[in-house]
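Here is my note on the model you sent. The points are numbered so that you can reply to each in turn.

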Amino acid sequence: SSRVLWTLAVTQFENQCWHLEPVGMQGPFFIKNPKSGMYLDVRGHVRPTAAVVLAAKNGGISQQWFIDPSTKSIRCASAKDLVFDIWGGAEDGHAVTVCTFHGNGNQMFEATGDAIKCLQPGKNLAVDIFGGITNPGSQLRVYGHHGRDNQQWVLEPAV
């Protein structure tokens with residue numbers, strides 16, 4: 001089953017508006033593209049600059065992720081000092097890798113329930129299956145958020 005981590009309930013009355021935030025790190029999760037049935041994985045050995053790719057679900061630790069609301073990062077379950085990173089900065093077409101956490105905008109992400117968006121100010125980027133090619137090993141990139149199938153992701157509890 002999927003989970004929405006953040007909810008904003010808005011009414012017309014200011015005293016009835018609430019913003020709910022999770023406490024502490026959330027997860028671990030598998031991150032799945034519902035259209036293809038493929039999961040996010042770290043290519044090869046989990047190490048800085050390793051590519052985030054598509055793979056069939058194998059249940060391995062390299063496919064498990066934590067959502068860290070305090071740093072707005074997505075962390076590897078197997079190496080929590082490694083987080084989603086847009087290699088070379090938050091620009092269209094740049095690859096999603098894992099790198100040592102430094103806290104810059106190209107490492108800040110939000111799982112919205114149907115997309116994974118980069119929170120770099122002034123950008124509207126989402127994790128994207130480039131060209132919609134869902135072969136195992138296809139590397140993830142970021143592109144302007146459009147919400148089509150190749151940018152949709154759901155979180156599945158890993159436990």
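1. **A partly exposed threonine with positive phi.** This is a predicted model, and I start with a backbone outlier. Thr 49 is partly exposed, at a relative accessible area of 40%. Its phi is positive, about 75°, although Thr 49 is not a glycine. Thr 49 sits in the loop between β4 (38-42) and β5 (50-55).

2. **A second positive phi.** Lys 72 has a phi near 55°, again positive in a residue other than glycine. Lys 72 belongs to the loop between β6 (65-68) and β7 (73-76). Its relative accessibility is 39%, so Lys 72 counts as partly exposed. For context, most residues other than glycine have a negative phi. Please look at the backbone at both sites.

3. **A cis peptide bond.** The bond from Gly 27 to Pro 28 is cis, with omega near 10°. Most peptide bonds are trans. Where does Pro 28 lie? Pro 28 is in strand β3, which covers residues 26-33.

4. **Overall fold.** The chain has 14 strands and zero helices. From the N terminus on, then, the element string is β repeated throughout. Of the 159 residues, 43% are buried. Take the contacts between residues at least 6 apart in sequence: 54% of them join residues at least 24 apart. The accessible surface comes to about 8000 Å². Carbon and sulfur atoms account for 52% of that surface.

5. **The nonpolar core.** The largest nonpolar core holds 30 residues. Which residues have the most contacts inside it? They are Ile 31, Leu 40, Trp 65, Phe 84, Ile 116, Leu 140 and Trp 153. In soluble globular proteins, nonpolar side chains tend to be buried together.

6. **Phe 84 within that core.** Set aside its neighbours within four places in sequence. Phe 84 is then in contact with Ile 31, Leu 40, Trp 65 and Ile 116, among others. Those four are also on the list of core residues with the most contacts. Further contacts of Phe 84 include Val 52, Ile 74, Val 96, Phe 109 and Val 127. The contacts of Phe 84 also include Thr 97, Asn 106 and Gln 107.

7. **A buried aspartate.** Asp 85 is in strand β8 (residues 82-86). Asp 85 is buried yet has no salt bridge. How far away is the nearest side chain of opposite charge? That side chain is Arg 75, and the distance is 11 Å. A salt bridge needs a nitrogen-to-oxygen distance within 4 Å. What does the side chain of Asp 85 make a polar contact with? The partner is the side chain of Gln 107, at 2.8 Å.

8. **The surroundings of Asp 85.** Not counting residues up to four places away in sequence, Asp 85 touches Ala 95, Val 96, Thr 97 and Cys 99, among others. The rest of the set is His 102, Asn 106, Gln 107 and Phe 109. Val 96, Thr 97, Asn 106, Gln 107 and Phe 109 are contacts of Phe 84 as well. I would like your view on how you would treat Asp 85 when you set up a calculation.

9. **A salt-bridge network.** The structure holds five salt bridges. Glu 156 forms one with Lys 32, with the closest N and O atoms 3.6 Å apart. That pair links strand β14 (residues 154-157), home of Glu 156, to strand β3, home of Lys 32, across 124 residues. Lys 57 and Glu 156 also meet in a salt bridge, at 3.6 Å from N to O. Lys 57 lies in the loop between β5 and β6, so this pair ties together parts that are 99 residues apart in sequence. Through shared partners, Lys 32, Lys 57 and Glu 156 form one network.

10. **Burial within the network.** Is Glu 156 buried or exposed? At 14% relative accessibility, Glu 156 counts as buried. Lys 32 is partly exposed, at 22%. Lys 57 is partly exposed too, with a relative accessible area of 44%.

11. **A loop-to-loop salt bridge.** The side chains of Lys 123 and Glu 91 meet at 2.9 Å, N to O. Lys 123 is in the loop between β11 (116-118) and β12 (125-129), and Glu 91 is in the loop between β8 and β9 (96-100). The two are 32 residues apart. Both are partly exposed: Lys 123 has a relative accessible area of 33%, and Glu 91 is at 39%.

Definitions and conventions. Residues are numbered from 1 along each chain as its sequence is written. This is a predicted model: local features need pLDDT of at least 70, side-chain atom pairs count only at pLDDT 80 or more; totals for chains, interfaces and linings use all residues. Side-chain values use heavy atoms; hydrogens and water are left out. Helices (H or I, at least four residues) and strands (E, at least two) are DSSP runs, numbered from the N terminus. Buried means under 20% relative accessible area, exposed over 50%, partly exposed in between (1.4 Å probe, protein chains only). Lys and Arg count as positive and Asp and Glu as negative; His and the chain ends are not counted. A polar contact is a pair of N or O atoms within 3.5 Å; within protein, one must be able to donate a hydrogen and the other to accept it, and residues adjacent in sequence count only if both atoms are side-chain atoms. Contact means heavy atoms within 4.5 Å. Accessible areas come from the Shrake-Rupley method with a 1.4 Å probe; for residues, only the protein chains shown count as cover. A nonpolar core is a set of buried Ala, Val, Leu, Ile, Met, Phe, Trp, Tyr and Cys residues joined through side-chain atoms within 4.5 Å.
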